[in-house]
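Welcome! Here are some exercises on a bound ligand and the pockets of a protein, each with a worked solution.

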Amino acid sequence: MIISPVEFLKDELKGKEIINKATRIGDLKNLFKDELQRMRVPQHKIVYEVQAYLPVDEGTLGGLFFGITKIHSGKVGNEYFITRGHFHEVADRAEYYWGIKGQGILILMDQSRKIRAEIMQEGSLHYIPAYTAHRVANTGIDTLSFGACWPADAGHNYAEIAAHGFSGRVVEINGLPQLITED
Ligand code: M6P
Ligand code: ZN
């Protein structure tokens, strides 16, 4: 008998090994520009959900992980819902993202804090180079779904972003998404 341990159906992973994680407004202290507005949003509100397939142990050299992230539509003040964003702990590890559904912007920041952004939508493919922090904003009125594939030994360095943030943010101005950079 041929057994497929995991099914990947449009923007859903199915299988008993799939890990599910929801990140709520209450988990994202100091992530948005307007912390007061974040505190006014119901804290249990889900900002994004990740399904991950981790077929090898974290840290396995040569292994690959696979994930689907769904960012709900919403804003904190005028800033669109975003993922936490991270550099890799093993900083020279790259990653692929691809758009599945919805509309968004991938924010990329190199180690000198230089920002660039790519439009994310159904069919868009994004190579995230080594030494580059990555965060996604949902700029649409529907849920944004995207896929990800990254090395099993990459890890997540959230500390750098917690300390210094991104030097660019995606906000709504006159009804349209705009990338605002610090410098
Ligand atoms: C993608 C991958 C994961 C990441 C997730 C959410 O699925 O990059 O490694 O955990 O997005 O992003 P973050 O960890 O920045 O919240
Ligand atoms: Zn990553």
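**Exercise 1.** Find which side chains have an N or O atom at a short distance from an oxygen atom of ligand 1.

*Solution.* Start with Thr-69: an N or O atom of this side chain lies 2.9 Å from an oxygen atom of ligand 1. Next, take Tyr-97, where the distance from a polar side-chain atom to a ligand oxygen is 2.8 Å. Then look at His-156, with 2.7 Å between a side-chain N or O atom and an oxygen atom of ligand 1. The protein covers 94% of the 370 Å² of accessible area (Shrake-Rupley method, 1.4 Å probe) that ligand 1 has on its own.

This is a predicted model, in which local features need pLDDT of at least 70 and side-chain atom pairs pLDDT 80 or more, while totals for chains, interfaces and linings use all residues. Residues are numbered from 1 along each chain, chains are lettered from A and ligands numbered from 1 as written, and side-chain values use heavy atoms, without hydrogens and water.

**Exercise 2.** Describe the residues around ligand 1.

*Solution.* First, count them: 13 residues are around the ligand (a heavy atom within 4 Å). Tyr-48, Glu-95, Tyr-97, His-156 and Tyr-158 come nearest. Then sort them by class: six are nonpolar, five polar and two charged.

**Exercise 3.** Work out where ligand 1 sits, and describe that space.

*Solution.* Ligand 1 takes up the space of the largest pocket. A pocket here is an open set of points on a 1 Å grid over the protein atoms alone, where a 1.4 Å probe fits, with protein on both sides within 12 Å along at least five of seven lines; lining residues have an atom within 4 Å of a point. The volume of the largest pocket is about 510 Å³. Its lining has 24 residues, and those nearest the centre are Val-50, His-86, Trp-150, His-156 and Tyr-158. By class, eleven of the lining residues are nonpolar, eight polar and five charged.

**Exercise 4.** Which helix gives the most to the lining of the second largest pocket?

*Solution.* Begin with the space itself, about 170 Å³. Among its 13 lining residues, Lys-29, Asn-30, Leu-31, Ile-161 and Ala-162 lie nearest the centre. Helix α2 (residues 159-164) contributes the most, with four residues.

Note on methods
Polar contact = N/O pair within 3.5 Å; in protein donor to acceptor, adjacent residues only side chain to side chain. Sits in = over half its atoms within 2 Å of the grid points. Nonpolar A, V, L, I, M, F, W, Y, C, P; charged D, E, K, R; others polar. Points joined across faces, edges and corners; volume = space filled by probe spheres on them. Helix = DSSP H or I, 4+ residues; strand = E, 2+ residues; numbered from the N terminus.
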